[in-house]
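This briefing is for a reader meeting the structure for the first time. Please look over the sequence and the model before reading the points.

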Amino acid sequence: MPANSDRTHPPFATRLGGVWFRHFRVYSRNLISNGLPPFLEPLIMLVGIGLGLGAYISRMNGTPYIQFLAAGLLVSSAMFTAAFECSFATFIRLEFDKVYDGMLTAPITANNLIVGEVLWAGTKGFFFTLSVMIIVSIFGILPLHRVVFVPFVGFATGIMFATLSLFVTSFVKNINHFNFYFTGFISPMFFFSGVFFPLGSLPAWVRPLAEALPLTHAVRISRALSLAQPDPELFWDLLYIVLLTVAFGFFAVRRLRRRLID
C-alpha cells in the first residue's frame, strides 16, 4: 500500500479517537460547569429523597433504603447524560452549528462519526457513574470495593441510551420534539425502572412494561454489584443491553448516515 494511502485513510481507531477527542476538548473547556453537576445532583437526590424518605422507610428488600437508592442512582445518571448528549447536543451539532459538515471534510466516514458519538456518550456515562460512585463511597453509603466496577455498567448504559437517542434523533426535524422523548419516555422510565422501589411492588399488569424498559436492566446489574447480590438471571439483563444496543445502533447509523450525506 502506498505511503500516502495511510495518511489519506487513518486507522479505524484513530478516526474514532478523533471524533471522541474533538468532543472531549469542547467539553473540557468548561470543565467546572460541566463536571460539577455530576457530583452535586446525586448528593442532592440522596439527601432529599434518601435521608428524607429514609426516615419513613428504613429498609427496602432487606437493604437500608439509602443503599437501595444509591445503587439505582449510579447508572440513572448515565442514562440522562447519554440521552441528552445524543439528542439535543447531536441535533445542535447537526442542524445549527453544522459541526458535522466540517468533520466530514476530514478523512473519516459518516459511520466513523456516528460511532464516535456513541463512544463519547458512553464515556460520559462512565464519568457520571464514577462521580456518583465517589459520592456514595465518601459518605460511606456503599463500600468502594463493591461499586468499583459499576462505572463500567455506566459505560454500557451510556452506549445503550446513546444508540437509542441517536435513533430518535434521526427522525426529529424540530428540536422541540425532543420534549416528547424526555417527558414521555426518559422521565417516566426513571421512576418505573426500580431506582426508587422494587418492581415487585408494582401492579401485575405494569411489571411487564417495566421489564421492557432499558434502564431496568442496567439498574438491576448495578444493584447486584453494589449490594453483592449476584444472580444468574443477570445474564439476561446483560444480553438485553447488548441486543438493544446493537439493534438501535444499526438503525441509527443507517438513518443518520443518509441524513449526514444528504
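The points below cover helices, their packing and some single residues. The structure is a predicted model. Helix α12 covers residues 214-226, and helix α13 covers residues 234-261.

**Helix α12**

- The 13 residues of α12 should span 18 Å at 1.5 Å a residue, and the 19 Å between its end C-alpha atoms agrees with this.
- Of the 13 residues of α12, 11 are buried, so the helix is largely enclosed by the rest of the structure.
- The buried residues of α12 include Pro-214, Leu-215, Thr-216, His-217, Ala-218 and Val-219. Ile-221, Ser-222, Arg-223, Ala-224 and Ser-226 of α12 are buried as well.
- The cover over these buried residues includes α5 (65-96), α8 (144-147), α9 (150-169), α10 (178-191), α11 (207-212) and α13.

**Ser-76 in helix α5**

- Helix α5, one of the elements covering α12, contains Ser-76.
- Ser-76 has a relative accessible area of 3%, which means that it is buried, since the cut-off is under 20%.
- Apart from neighbours within four places in sequence, Ser-76 is in contact with Phe-190 and Leu-215. Leu-215 is one of the buried residues of α12.

**Helix α13**

- For the 28 residues of α13, 1.5 Å a residue gives an expected span of 40 Å, and the end C-alpha atoms are 40 Å apart, in agreement.
- The buried residues of α13 include Leu-234, Asp-237, Ile-241, Leu-244, Thr-245 and Gly-249. Others in the buried set of α13 are Ala-252, Val-253, Leu-256, Arg-259 and Leu-260.
- Among the elements that cover the buried residues of α13 are α5, α6, α7, α9 and α12.

**Packing of α7 with α13**

- Two packed helices are described by the angle between their axes and the distance between the axes.
- The axes of α7 (residues 110-138) and α13 come within 9 Å and cross at roughly 125 degrees. That angle makes α7 oblique to α13, because it lies outside the ranges for roughly parallel, antiparallel and perpendicular.
- The α7 and α13 crossing is right-handed.
- On the α7 side, Ala-110, Asn-111, Leu-113 and Ile-114 take part, and they meet Val-253, Leu-256, Arg-257 and Leu-260 of α13. By class, this contact of α7 with α13 has 6 nonpolar, 1 polar and 1 charged residues.

**Asp-101 in helix α6**

- Asp-101 is part of helix α6 (residues 99-103).
- Asp-101 is partly exposed, its relative accessible area being 46%.
- Although Asp-101 and Leu-260 are 159 residues apart along the chain, their C-alpha atoms are separated by 7.9 Å. Leu-260 also belongs to the contact of α13 with α7.

**Residues with a positive phi**

- Most residues other than glycine have a negative phi.
- Asn-61 is a residue other than glycine with a positive phi, near 55 degrees. Asn-61 sits in the loop between β1 (59-60) and β2 (63-64), and with a relative accessible area of 60% it is exposed.
- Lys-98, also not a glycine, has a positive phi of about 55 degrees. The loop between α5 and α6 holds Lys-98, which is partly exposed at a relative accessible area of 40%.
- Ala-228, just after α12, takes a positive phi of about 55 degrees.

Note on methods. Residues numbered from 1 in each chain as written. Predicted model: local features only at pLDDT ≥ 70, side-chain atom pairs only at ≥ 80, totals over all residues. Heavy atoms only, no water. Helix = DSSP H or I, 4+ residues; strand = E, 2+ residues; numbered from the N terminus. Buried < 20%, exposed > 50% of the residue type's maximum accessible area, 1.4 Å probe, protein only. Axes fitted to C-alpha atoms, helices over the stretch in contact; angles between N-to-C directions. Parallel < 35°, antiparallel > 145°, perpendicular 65-115°, else oblique. Left-handed = near helix turned anticlockwise from the far one by under 90°. Contact = heavy atoms within 4.5 Å. Nonpolar A, V, L, I, M, F, W, Y, C, P; charged D, E, K, R; others polar. Expected span 1.5 Å × (residues − 1).
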